[in-house]
Structure formats: C-alpha cells, structure tokens
Amino acid sequence: MKKVINQELMRNTNKTQILKCIKEKQPVSKREIAEELGLSTTTISTFIKELGHERMIRPSGIGQSTGGRRSVLYQLNPEYVYTLGIDLKVDRLIGVLLDFKGEICGSKATDLSDQDEWKVIPLINNFIQEILTENKLSIRQLGGIGIGVPGVLNSESRVIEFAPNLGWRNVDLPAMLALNKPVYLENEANAGALGERVFGSAKNVSHLVYISVGMGIGCGLLIENKLFSGNCQQAGEFGHMVVEPMGLRCRCGNRGCWEVYASNSAALRMYKGSNQENPVLFQGFLQKCRAGESEAIKVLETVAQYLGIGIANIINGLNPEMVVIGGELIEVKELIYNSLVKTIKERTLEKSFASVRLEFSQLGNKAVALGMGNIVLDQMLKTEP
Ligand SMILES: [Zn+2]
C-alpha cells in the first residue's frame, strides 16, 4: 500500500515539475524538458500527452532542436484557467488578471475611502465582479484569487494578524469574502518581490530586496531565490528599524522608525509642517515636486536622504544583488535618484555597494498584484492525486 502511495506521489511531483518547467521556458520541446529535469523523453512524452488531454498545455509551433531535428514546442494553455491578483492598499485596490500562461489580460484600480473591514470587504467583492465582467470572464473560469496585504499574516497565511495602517487585527479575509474559490494571502512587500522576480527588473536575480514605499515601508526579501519570512512571518519589517534614536513616535510604539522619516506619510507630515497649507494628498505633493515648488523639493530631498540611509543599512546587512524600490514615489525618480545614490554610497561598505544594482520598479503600480497573480498560478500548477 505504501509503495502505491509513493508511486502516486512521485507521479504527481513529476507532473508538477514538468508544468513548472514549461511555465519557465515556454515554448519548450520535450527534449529540453527531459534534459532540464533529468527524466527520459519517453516519460516526458507520456505526461505531455496527458497534460494535452487535460487541456493544461498546448502545442506552440515548431522549434529547431539539437542536430537540426525539428520538434514540437509546448506552452501552457492560456485559457485553461485565469487568476486574479489584488494589491490591497490603504487607500486603493489594484487588480491584475493573468491567463494560465502568465500573461496580463486585464487590470483595474479603484480608490478606497474607508478602511473599516466591514466596508472594505463588500468593496473587494464588487471589485472582483467588475474586473471579471470588464474582461468578459466569469468567476467559474477563475482558478483562485491572491491578495497582497500591508500587514503580518498568521503562520498558515490565512488570517491577517495585524495591519497597522489599515487598523485591522485578526481579520480572516478569505472567510469574510465568502467566495467559492481559493483565496491566497501574502504580505504585500513579499508579493512585490515575487512580482519583480517574475515580471520586472529582477529576472534571474536570486538575492533581492524589494522596498515598498507607501504610507509605511515594507520590504520583501528573496534570499537564494526563496522568500525569507523569518521565524514567525515578521521578516522584512525594516520600516521599523531606528534611524533617529530620539525621534518621533511610530505607530508600532517605538521611536524614530525608518518609515516615520522616509515614507509617503513622512513626506506629507514634513510638507504640511513647512507649508501651512490644507492637508494635501501624496499625489498632490508629487505634483508640487514636479512643478519645482521649492518647499516640496526640500521635503523630497530630506525623504530621499532618509530612504538612502535605510537602504544603506539593508545593503550592509544583507549584501543583496539588487534593490528594487516600488511605490508612488518612483513617479519622481529622476528628482530623487542623485541624492539617493549619494547617500547610499556614503554609507555602504565599498564591496557591497560595488556589487549591488539599484532599480526603480518598472511595473508601475502593478508589482504586488502581479506577484499575487503568480502565486495563485503556481498553486494551479500543483497536481493533486
Ligand atoms: Zn515603528
């Protein structure tokens, strides 16, 4: 009996490995898959036939294999199933629909004016329905939904234990959404790191720090190609490292945390402090920066300096291959780049600085939603017995 179970397990492991290999290398020939996975071409042929019957893959043209022989190439069947990735921000929902091949087939964003979970949850449900309708899909075609959240999850990644900037504690989001589909959660900065790794500037990067600058600051860490979440899912909370020992109070209770000095809310606090104007939103602040208003530029300089100090600390501690900065701030990247790099260079160990690449996210505001969509896709590749 045990032997039968092991054989079944082995079969499913092989099948999943083949699907993962196709996802990474598509379009790809049987021979390439066999070489990549160290399996025989006969084994691959059997699985390819099965996966074709199940409509999970389909032929995708003819390629030139070694020795000049022409061979059929395969890719994931885009229409097999769709996934939806959502970035749940404090003031905004951003959604991206992916087909099974991993290509974007729709996106949507909407503002959130309230953070109360009883109000936000029906809005998420509406949002899901709208993005599906706009792209002529039904919930039946959806394999699952992934939601990136600005907070800490429990060990099963099911309950949001604490999301300080939303003011949520112990929210079982999947249960409250009551959708008849699997819902996967991940910390938004972790999702952003995965989004950059799969779709953005960090392809083939195995030591990555993704810095998500929003109303707070979160960091997603990829170490040797794996998300590093620490002992109890709290890793990457660099937003709460101290940069001013006698500084202002943070929401976490500590003083002088990095996010109190380098986040969007830090910029708004400093700007109001020096301007006396009515409260401005972050987009308004960015507009003033772009218009060259001197007070705004001065604040932006200060924020960029603090951002650089924190990034230097992270580089010194983790020696990453790449640091990607994401968030609305990158809309004025040309205004902060010089002072950011100057600060980082001044405060980073020479060898670490020489070997790190600093990038601004190229995914616009979609890194987190894309990362979440991809998390769901990877779940769909797991073949159950
Ligand atoms: Zn703090």
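Select Arg11 to begin: with 16 C-beta neighbours inside 10 Å, this residue counts as partly exposed, a class that lies between buried (20 or more other C-beta atoms within 10 Å of the residue's own) and exposed (12 or fewer), with C-beta atoms placed from the backbone. Arg11 sits in helix 1, residues 2-25, where helices are DSSP runs of H or I with at least four residues and strands are runs of E with at least two, numbered from the N terminus. Now add Thr383 to the selection: it is 372 residues from Arg11 along the chain, yet the two C-alpha atoms are separated by 9.4 Å.

This is a predicted model, in which local features need pLDDT of at least 70 and side-chain atom pairs count only at pLDDT 80 or more, while totals for chains, interfaces and linings use all residues. Residues are numbered from 1 along each chain as its sequence is written.

**The domains**

Colour the protein by its division into domain 1 (2-76), domain 2 (82-193 + 368-380) and domain 3 (201-362); these bounds come from an automatic or database domain assignment. The centres of domain 1 and domain 2, taken over C-alpha atoms, are separated by 31 Å.

**After helix 1**

Move next to Gln26 and Pro27, which are joined by a cis peptide bond with omega of about -5°. Pro27 belongs to the loop between helix 1 and strand 1 (28-29).

Then select helix 2 (residues 30-37) together with helix 3 (residues 41-53), whose axes come within 9 Å and cross at roughly 120°; axes here are lines fitted to C-alpha atoms, for helices over the stretch in contact, and angles run from 0 to 180 degrees between N-to-C directions. That angle makes helix 2 oblique to helix 3, since angles under 35 degrees count as roughly parallel, over 145 as roughly antiparallel, 65 to 115 as roughly perpendicular and the rest as oblique. The crossing of these two helices, helix 2 and helix 3, is right-handed, the term for a near helix turned clockwise from the far one by less than a right angle, with anticlockwise giving left-handed.

Which residues of helix 2 and helix 3 meet? Show Lys30, Arg31, Ile33 and Ala34 in helix 2, and opposite them Thr41, Ile44, Ser45 and Ile48 in helix 3; residues are in contact if their C-beta atoms, placed from the backbone, lie within 7 Å. By class, the contact of helix 2 with helix 3 has four nonpolar, two polar and two charged residues, where Ala, Val, Leu, Ile, Met, Phe, Trp, Tyr, Cys and Pro count as nonpolar, Asp, Glu, Lys and Arg as charged, and the others, Gly among them, as polar.

**Two loop residues**

Select Arg55, in the loop between helix 3 and strand 2 (57-64), which has a positive phi of about 65° although it is not a glycine. Arg55 is exposed, with 12 other C-beta atoms within 10 Å. Asn204 can be found in the loop between helix 6 (188-199) and strand 12 (208-213), and its phi is likewise positive, near 65°, in a residue other than glycine. Asn204 is exposed, with 8 other C-beta atoms within 10 Å. Most residues other than glycine have a negative phi, and most peptide bonds are trans.

**Helices 9, 10 and 11**

Go on to helix 9 (residues 282-290) and helix 10 (residues 294-318), which pack at an angle of about 110° with their axes 8 Å apart, and are therefore roughly perpendicular to each other. Their contact is made by Phe285, Lys288 and Cys289 of helix 9 and Ala296, Ile297 and Leu300 of helix 10.

Within helix 9, pick out Leu286: is it buried or exposed? With 20 C-beta neighbours inside 10 Å, Leu286 counts as buried. Leaving aside neighbours within four places in sequence, Leu286 is in contact with Glu328, Glu331 and Val332.

Finally, add helix 11 (residues 333-347), whose axis and that of helix 10 come within 8 Å and cross at roughly 40°, so that helix 10 and helix 11 are oblique to each other. Helix 10 passes helix 11 in a right-handed crossing. Among the residues that meet here are Leu300, Ala304 and Ile311 in helix 10 and Leu335, Ser339 and Arg347 in helix 11. The residues of the contact of helix 10 with helix 11 divide into 11 nonpolar, four polar and two charged.

Methods: Contact = placed C-beta atoms within 7 Å.
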